[in-house]
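Got your viewer open? Load the model, switch to a cartoon view and keep the selection box handy.

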Amino acid sequence: MADFQANTRPFAELDRAGRTRRLRRLAEAALTEYDVPVARLTPLPRGRNTAFRVDGADGHRYVLRIERPDGPSVAQVRAEMAWLAALCRETDLAVPRPVPTRERHAATVVADPAVPEPRTCALYRWLEGRFLDERLSAPQLYRLGEFTARLHRHGARMNGLDRGRADDLTAFGRAQVDGFSDTVVDRAVALAGGDEGARAALGRVRAVRSALGFGADVFGLVHGGLHQENYLFHRGRVRVVDFDDCGFGHYAYDLAVTVDAFAHLPQHAELREALLDGYRSVRPATFATDPAVLNAFVGLRRVQLRLRELDGHP
(Lines give C-alpha, C1' and ligand atoms only; values in the text may rest on other atoms or scores of the structure.)
Protein backbone atom coordinates (compact mmCIF):
# COMPACT_ATOMS: atom_id res chain seq x y z
CA MET A 1 0.00 0.00 0.00
CA ALA A 2 2.86 2.43 0.83
CA ASP A 3 4.46 1.88 -2.59
CA PHE A 4 1.11 2.44 -4.33
CA GLN A 5 0.54 5.68 -2.41
CA ALA A 6 4.08 6.86 -3.23
CA ASN A 7 3.39 6.27 -6.94
CA THR A 8 0.05 8.09 -6.91
CA ARG A 9 0.84 11.08 -4.68
CA PRO A 10 1.12 14.46 -6.43
CA PHE A 11 4.69 15.23 -7.49
CA ALA A 12 4.77 18.45 -5.45
CA GLU A 13 4.10 16.51 -2.23
CA LEU A 14 7.07 14.17 -2.67
CA ASP A 15 10.39 14.63 -0.89
CA ARG A 16 13.63 14.86 -2.88
CA ALA A 17 14.07 11.08 -2.91
CA GLY A 18 10.54 10.53 -4.16
CA ARG A 19 10.92 13.12 -6.90
CA THR A 20 14.22 11.60 -7.95
CA ARG A 21 12.57 8.20 -8.34
CA ARG A 22 9.95 9.74 -10.63
CA LEU A 23 12.55 11.68 -12.57
CA ARG A 24 14.61 8.54 -13.10
CA ARG A 25 11.96 7.35 -15.55
CA LEU A 26 12.17 10.66 -17.34
CA ALA A 27 15.98 10.34 -17.45
CA GLU A 28 15.70 6.91 -19.01
CA ALA A 29 13.42 8.32 -21.68
CA ALA A 30 15.80 11.23 -22.34
CA LEU A 31 18.76 8.90 -22.81
CA THR A 32 17.03 7.13 -25.68
CA GLU A 33 17.69 10.33 -27.65
CA TYR A 34 21.45 9.82 -27.35
CA ASP A 35 23.83 7.36 -28.93
CA VAL A 36 24.98 6.21 -25.50
CA PRO A 37 24.59 2.58 -24.40
CA VAL A 38 23.44 2.90 -20.77
CA ALA A 39 24.58 0.34 -18.22
CA ARG A 40 23.60 2.12 -14.99
CA LEU A 41 22.04 5.34 -13.67
CA THR A 42 23.07 6.75 -10.29
CA PRO A 43 21.44 9.87 -8.73
CA LEU A 44 23.86 12.67 -7.85
CA PRO A 45 23.16 14.58 -4.62
CA ARG A 46 24.55 17.98 -5.57
CA GLY A 47 22.84 21.00 -7.02
CA ARG A 48 19.35 22.44 -7.36
CA ASN A 49 18.60 20.38 -10.46
CA THR A 50 18.26 16.61 -10.57
CA ALA A 51 21.25 14.88 -12.15
CA PHE A 52 22.30 11.30 -12.76
CA ARG A 53 25.68 9.76 -13.36
CA VAL A 54 25.41 7.63 -16.46
CA ASP A 55 27.74 4.66 -16.65
CA GLY A 56 27.88 3.67 -20.30
CA ALA A 57 28.33 0.15 -21.55
CA ASP A 58 31.03 1.69 -23.77
CA GLY A 59 33.19 2.32 -20.67
CA HIS A 60 32.57 6.09 -20.60
CA ARG A 61 30.79 8.09 -17.93
CA TYR A 62 28.41 10.97 -18.40
CA VAL A 63 26.17 13.31 -16.41
CA LEU A 64 22.53 13.79 -17.40
CA ARG A 65 21.05 16.98 -15.95
CA ILE A 66 17.28 17.44 -15.70
CA GLU A 67 16.36 21.09 -15.39
CA ARG A 68 14.12 22.29 -12.57
CA PRO A 69 10.78 23.73 -13.74
CA ASP A 70 11.78 27.32 -12.90
CA GLY A 71 15.22 26.96 -14.49
CA PRO A 72 16.57 28.24 -17.81
CA SER A 73 14.52 27.85 -20.98
CA VAL A 74 15.39 25.33 -23.69
CA ALA A 75 17.03 28.10 -25.71
CA GLN A 76 19.08 29.16 -22.69
CA VAL A 77 20.23 25.59 -22.01
CA ARG A 78 21.32 25.33 -25.62
CA ALA A 79 23.20 28.61 -25.22
CA GLU A 80 24.98 27.20 -22.16
CA MET A 81 25.95 24.12 -24.18
CA ALA A 82 27.21 26.36 -26.98
CA TRP A 83 29.54 28.14 -24.55
CA LEU A 84 30.83 24.85 -23.16
CA ALA A 85 31.43 23.54 -26.67
CA ALA A 86 33.34 26.72 -27.55
CA LEU A 87 35.44 26.44 -24.37
CA CYS A 88 36.30 22.83 -25.21
CA ARG A 89 37.14 23.76 -28.79
CA GLU A 90 39.06 26.99 -28.20
CA THR A 91 40.76 26.55 -24.80
CA ASP A 92 42.31 23.87 -22.61
CA LEU A 93 40.10 24.75 -19.64
CA ALA A 94 38.66 21.62 -18.03
CA VAL A 95 34.88 21.97 -18.33
CA PRO A 96 32.14 19.42 -19.13
CA ARG A 97 32.05 18.47 -22.81
CA PRO A 98 28.46 18.54 -24.14
CA VAL A 99 27.12 15.42 -25.83
CA PRO A 100 24.62 16.07 -28.65
CA THR A 101 21.59 13.94 -29.34
CA ARG A 102 21.43 11.62 -32.34
CA GLU A 103 19.74 14.50 -34.18
CA ARG A 104 22.67 16.77 -33.20
CA HIS A 105 20.58 18.85 -30.80
CA ALA A 106 22.32 20.38 -27.78
CA ALA A 107 19.47 19.42 -25.43
CA THR A 108 16.22 17.49 -25.47
CA VAL A 109 12.79 18.02 -23.90
CA VAL A 110 11.12 14.95 -22.40
CA ALA A 111 7.73 14.36 -20.77
CA ASP A 112 6.56 11.59 -18.45
CA PRO A 113 3.05 11.04 -17.03
CA ALA A 114 4.49 10.87 -13.48
CA VAL A 115 6.04 14.36 -13.76
CA PRO A 116 3.74 17.42 -14.05
CA GLU A 117 5.58 19.24 -16.84
CA PRO A 118 8.07 18.46 -19.63
CA ARG A 119 11.70 18.86 -18.60
CA THR A 120 14.75 20.01 -20.51
CA CYS A 121 17.62 17.51 -20.32
CA ALA A 122 21.28 17.86 -21.26
CA LEU A 123 24.11 15.32 -21.35
CA TYR A 124 27.79 15.96 -20.60
CA ARG A 125 30.96 13.92 -20.42
CA TRP A 126 31.98 13.10 -16.84
CA LEU A 127 34.90 14.96 -15.22
CA GLU A 128 36.97 13.08 -12.64
CA GLY A 129 38.10 14.91 -9.53
CA ARG A 130 37.47 15.67 -5.85
CA PHE A 131 35.33 18.39 -4.34
CA LEU A 132 36.97 20.09 -1.35
CA ASP A 133 35.89 22.45 1.39
CA GLU A 134 37.73 22.47 4.74
CA ARG A 135 40.92 21.23 3.09
CA LEU A 136 41.09 23.90 0.41
CA SER A 137 44.58 25.36 0.09
CA ALA A 138 46.02 28.63 -1.18
CA PRO A 139 47.74 26.98 -4.20
CA GLN A 140 44.41 25.46 -5.24
CA LEU A 141 42.63 28.81 -5.01
CA TYR A 142 45.44 30.44 -6.99
CA ARG A 143 44.77 27.97 -9.79
CA LEU A 144 41.05 28.63 -9.52
CA GLY A 145 41.76 32.36 -9.83
CA GLU A 146 43.75 31.73 -13.01
CA PHE A 147 40.94 29.57 -14.35
CA THR A 148 38.29 32.19 -13.57
CA ALA A 149 40.24 34.94 -15.31
CA ARG A 150 40.68 32.82 -18.44
CA LEU A 151 36.99 31.93 -18.34
CA HIS A 152 36.11 35.63 -18.21
CA ARG A 153 38.51 36.44 -21.02
CA HIS A 154 36.67 33.92 -23.18
CA GLY A 155 33.23 35.00 -21.94
CA ALA A 156 33.95 38.56 -23.08
CA ARG A 157 33.72 37.30 -26.67
CA MET A 158 30.39 35.45 -26.25
CA ASN A 159 28.04 38.38 -26.65
CA GLY A 160 25.32 36.78 -28.76
CA LEU A 161 24.25 33.93 -26.49
CA ASP A 162 20.71 33.73 -25.12
CA ARG A 163 21.49 33.96 -21.42
CA GLY A 164 20.07 36.36 -18.87
CA ARG A 165 21.80 38.28 -16.11
CA ALA A 166 23.64 36.16 -13.55
CA ASP A 167 23.57 38.82 -10.84
CA ASP A 168 19.96 39.96 -10.69
CA LEU A 169 17.90 39.38 -7.59
CA THR A 170 14.76 37.48 -8.55
CA ALA A 171 12.71 36.33 -11.52
CA PHE A 172 10.79 39.59 -11.15
CA GLY A 173 14.04 41.53 -11.23
CA ARG A 174 15.16 39.76 -14.39
CA ALA A 175 11.92 40.74 -16.10
CA GLN A 176 12.56 44.46 -15.63
CA VAL A 177 14.63 46.79 -17.77
CA ASP A 178 16.72 47.56 -14.70
CA GLY A 179 17.05 44.58 -12.37
CA PHE A 180 17.94 46.94 -9.52
CA SER A 181 15.11 49.40 -10.00
CA ASP A 182 13.49 50.89 -6.89
CA THR A 183 10.51 48.56 -7.40
CA VAL A 184 12.73 45.48 -7.46
CA VAL A 185 14.68 46.62 -4.39
CA ASP A 186 11.45 47.38 -2.50
CA ARG A 187 10.11 43.89 -3.28
CA ALA A 188 13.39 42.27 -2.23
CA VAL A 189 13.45 44.16 1.08
CA ALA A 190 9.81 43.24 1.75
CA LEU A 191 10.57 39.57 1.06
CA ALA A 192 13.49 39.84 3.50
CA GLY A 193 11.10 40.97 6.22
CA GLY A 194 11.75 44.68 5.81
CA ASP A 195 15.48 44.32 6.51
CA GLU A 196 17.04 47.71 5.80
CA GLY A 197 20.46 46.05 5.84
CA ALA A 198 19.48 44.33 2.61
CA ARG A 199 18.45 47.68 1.16
CA ALA A 200 21.83 49.17 2.08
CA ALA A 201 23.71 46.25 0.52
CA LEU A 202 21.71 46.58 -2.70
CA GLY A 203 22.30 50.33 -2.74
CA ARG A 204 26.06 49.76 -2.55
CA VAL A 205 26.12 47.23 -5.35
CA ARG A 206 23.84 49.37 -7.51
CA ALA A 207 26.31 52.26 -7.16
CA VAL A 208 29.27 49.99 -7.94
CA ARG A 209 27.58 48.50 -11.01
CA SER A 210 26.80 51.97 -12.31
CA ALA A 211 30.38 53.16 -11.74
CA LEU A 212 31.90 50.12 -13.43
CA GLY A 213 29.76 50.37 -16.53
CA PHE A 214 29.32 47.48 -18.93
CA GLY A 215 32.46 47.44 -21.05
CA ALA A 216 34.07 44.13 -22.06
CA ASP A 217 36.86 44.76 -19.55
CA VAL A 218 34.46 44.50 -16.59
CA PHE A 219 31.33 42.76 -17.89
CA GLY A 220 30.61 39.62 -19.90
CA LEU A 221 29.49 36.02 -19.71
CA VAL A 222 30.26 34.51 -16.27
CA HIS A 223 29.79 31.14 -14.58
CA GLY A 224 27.47 32.51 -11.89
CA GLY A 225 28.01 29.74 -9.31
CA LEU A 226 31.72 29.19 -8.65
CA HIS A 227 31.39 27.71 -5.17
CA GLN A 228 32.89 24.53 -3.70
CA GLU A 229 30.23 22.24 -5.19
CA ASN A 230 31.05 23.41 -8.70
CA TYR A 231 34.84 23.24 -8.84
CA LEU A 232 36.97 20.18 -8.19
CA PHE A 233 40.58 19.08 -8.48
CA HIS A 234 42.19 16.21 -10.36
CA ARG A 235 45.93 15.62 -10.34
CA GLY A 236 46.53 19.21 -9.28
CA ARG A 237 44.36 20.68 -12.01
CA VAL A 238 41.17 22.63 -11.35
CA ARG A 239 37.98 21.62 -13.16
CA VAL A 240 34.70 23.55 -13.20
CA VAL A 241 31.23 22.04 -13.66
CA ASP A 242 27.54 23.06 -13.59
CA PHE A 243 27.25 26.12 -15.84
CA ASP A 244 23.49 26.12 -15.26
CA ASP A 245 23.60 29.60 -13.65
CA CYS A 246 25.86 31.13 -16.29
CA GLY A 247 24.78 34.49 -17.62
CA PHE A 248 25.95 38.02 -18.20
CA GLY A 249 27.29 40.00 -15.29
CA HIS A 250 30.26 41.84 -13.86
CA TYR A 251 33.33 39.66 -13.47
CA ALA A 252 33.59 40.76 -9.85
CA TYR A 253 30.31 38.97 -9.20
CA ASP A 254 31.83 35.61 -10.16
CA LEU A 255 34.73 36.19 -7.78
CA ALA A 256 32.32 37.30 -5.04
CA VAL A 257 30.41 34.01 -5.27
CA THR A 258 33.67 32.11 -4.72
CA VAL A 259 34.85 34.35 -1.87
CA ASP A 260 31.54 34.24 -0.01
CA ALA A 261 31.30 30.45 -0.29
CA PHE A 262 34.54 29.83 1.66
CA ALA A 263 34.04 32.71 4.13
CA HIS A 264 33.25 30.18 6.90
CA LEU A 265 36.71 28.57 6.69
CA PRO A 266 39.40 29.63 9.16
CA GLN A 267 41.88 30.14 6.29
CA HIS A 268 39.46 32.34 4.32
CA ALA A 269 41.75 35.41 4.23
CA GLU A 270 44.62 33.37 2.79
CA LEU A 271 42.31 31.71 0.28
CA ARG A 272 40.87 35.05 -0.83
CA GLU A 273 44.30 36.55 -1.43
CA ALA A 274 45.45 33.48 -3.36
CA LEU A 275 42.30 33.54 -5.53
CA LEU A 276 42.79 37.20 -6.40
CA ASP A 277 46.53 36.77 -7.01
CA GLY A 278 45.77 33.97 -9.45
CA TYR A 279 43.17 36.09 -11.19
CA ARG A 280 45.50 39.08 -11.48
CA SER A 281 48.23 36.86 -12.95
CA VAL A 282 46.03 36.54 -16.05
CA ARG A 283 44.11 39.84 -15.95
CA PRO A 284 46.39 42.31 -14.12
CA ALA A 285 44.58 45.53 -15.01
CA THR A 286 41.14 44.79 -13.62
CA PHE A 287 38.59 46.34 -11.28
CA ALA A 288 37.20 42.90 -10.44
CA THR A 289 39.66 42.41 -7.58
CA ASP A 290 39.29 45.89 -6.07
CA PRO A 291 38.30 45.32 -2.40
CA ALA A 292 35.40 47.80 -2.40
CA VAL A 293 34.01 46.41 -5.65
CA LEU A 294 34.38 42.80 -4.55
CA ASN A 295 32.84 43.43 -1.13
CA ALA A 296 29.82 45.11 -2.71
CA PHE A 297 29.19 42.04 -4.85
CA VAL A 298 29.66 39.76 -1.83
CA GLY A 299 26.86 41.75 -0.20
CA LEU A 300 24.70 41.18 -3.26
CA ARG A 301 25.40 37.45 -3.20
CA ARG A 302 24.34 37.18 0.43
CA VAL A 303 21.06 38.95 -0.26
CA GLN A 304 20.46 36.67 -3.26
CA LEU A 305 20.99 33.54 -1.17
CA ARG A 306 18.74 34.83 1.58
CA LEU A 307 15.94 35.58 -0.88
CA ARG A 308 16.36 32.20 -2.51
CA GLU A 309 16.06 30.46 0.86
CA LEU A 310 12.98 32.48 1.78
CA ASP A 311 11.47 31.61 -1.57
CA GLY A 312 11.95 27.90 -0.87
CA HIS A 313 14.95 27.33 -3.17
CA PRO A 314 17.98 26.30 -1.05
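Here is a walk from the whole chain down to single residues.

**The whole chain**

Before zooming in, bear in mind that this is a predicted model. With everything shown as cartoon, you should be able to count 10 helices and 10 strands. The radius of gyration is 20 Å, close to the 20 Å that the globule rule gives for 314 residues, so the chain is as compact as a globular protein of that length. Turn the model along its principal axes and the C-alpha atoms fill a box of roughly 55 × 45 × 40 Å.

Now switch on the surface. Its accessible area comes to about 14900 Å², and carbon and sulfur atoms account for 51% of that. Underneath, 50% of the 314 residues are buried. If you draw the contacts with a separation of 6 or more, 71% of them join residues 24 or more positions apart.

**The cores**

In soluble globular proteins, nonpolar side chains tend to be buried together. To see that here, select Trp83, Leu141, Leu169, Tyr231, Phe243 and Phe297: within the largest nonpolar core, of 73 residues, these touch the most other members. Another core, of 20 residues, lies apart from it; Phe11, Ala27, Val99 and Val110 are among its members.

Go back to Leu141 and show what surrounds it. Not counting residues up to four places away in sequence, Leu141 touches Leu136, Tyr231, Thr258, Phe262, Leu271, Ala274 and Leu275.

**Leu123, inside a strand**

Next, select residues 119–125, which form strand β6, and pick out Leu123. Is Leu123 buried or exposed? Its relative accessible area is 0%, so Leu123 is buried. Add Leu31, which is 92 residues away along the chain, and the two C-alpha atoms turn out to be 8.5 Å apart. Leu31 is also one of the residues in contact with Leu123, in a list that includes Tyr34, Val54, Tyr62, Met81, Arg97 and Val99.

**Asp167, a buried acid**

Move to the loop between α4 (138–155) and α5 (171–174), and find Asp167 there. With a relative accessibility of 0%, Asp167 counts as buried. Which side chains make polar contacts with Asp167? One is Arg165, at 3.0 Å, and another is Arg209, at 3.1 Å. Expand the selection and, beyond its neighbours within four places in sequence, Asp167 is in contact with residues including Phe180, Phe248, His250, Tyr253, Phe297 and Gln304.

**Two cysteines, no bridge**

Select Cys88 and Cys246. The structure holds zero disulfides, and Cys88 is in none, with the nearest cysteine sulfur, in Cys246, 13 Å away. Why is Cys246 not bonded to Cys88? Their sulfurs are 13 Å apart, which is too far for a bond. Colour by accessibility and Cys88 shows up as buried at 16%; Cys246 is buried too, at 4%.

**Two loop residues with positive phi**

Finish with a pair of backbone checks. Arg104 is in the loop between β4 (98–99) and β5 (108–110). Phi there is near 70°, a positive value in a residue other than glycine, and Arg104 counts as exposed at 65% relative accessibility.

Then jump to Asp242, in the loop between β9 (237–240) and β10 (247–250). Phi of Asp242 is positive as well, near 55°. How accessible is Asp242? Asp242 is partly exposed, with a relative accessible area of 28%.

How values were computed: Residues are numbered from 1 along each chain as its sequence is written. This is a predicted model: local features need pLDDT of at least 70, side-chain atom pairs count only at pLDDT 80 or more; totals for chains, interfaces and linings use all residues. Side-chain values use heavy atoms; hydrogens and water are left out. A disulfide is a pair of cysteine sulfur atoms within 2.5 Å. Buried means under 20% relative accessible area, exposed over 50%, partly exposed in between (1.4 Å probe, protein chains only). A nonpolar core is a set of buried Ala, Val, Leu, Ile, Met, Phe, Trp, Tyr and Cys residues joined through side-chain atoms within 4.5 Å. Contact means heavy atoms within 4.5 Å. Helices (H or I, at least four residues) and strands (E, at least two) are DSSP runs, numbered from the N terminus. The radius of gyration is taken over C-alpha atoms; the globule rule is 2.2 Å times the number of residues to the power 0.38. Accessible areas come from the Shrake-Rupley method with a 1.4 Å probe; for residues, only the protein chains shown count as cover. A polar contact is a pair of N or O atoms within 3.5 Å; within protein, one must be able to donate a hydrogen and the other to accept it, and residues adjacent in sequence count only if both atoms are side-chain atoms.
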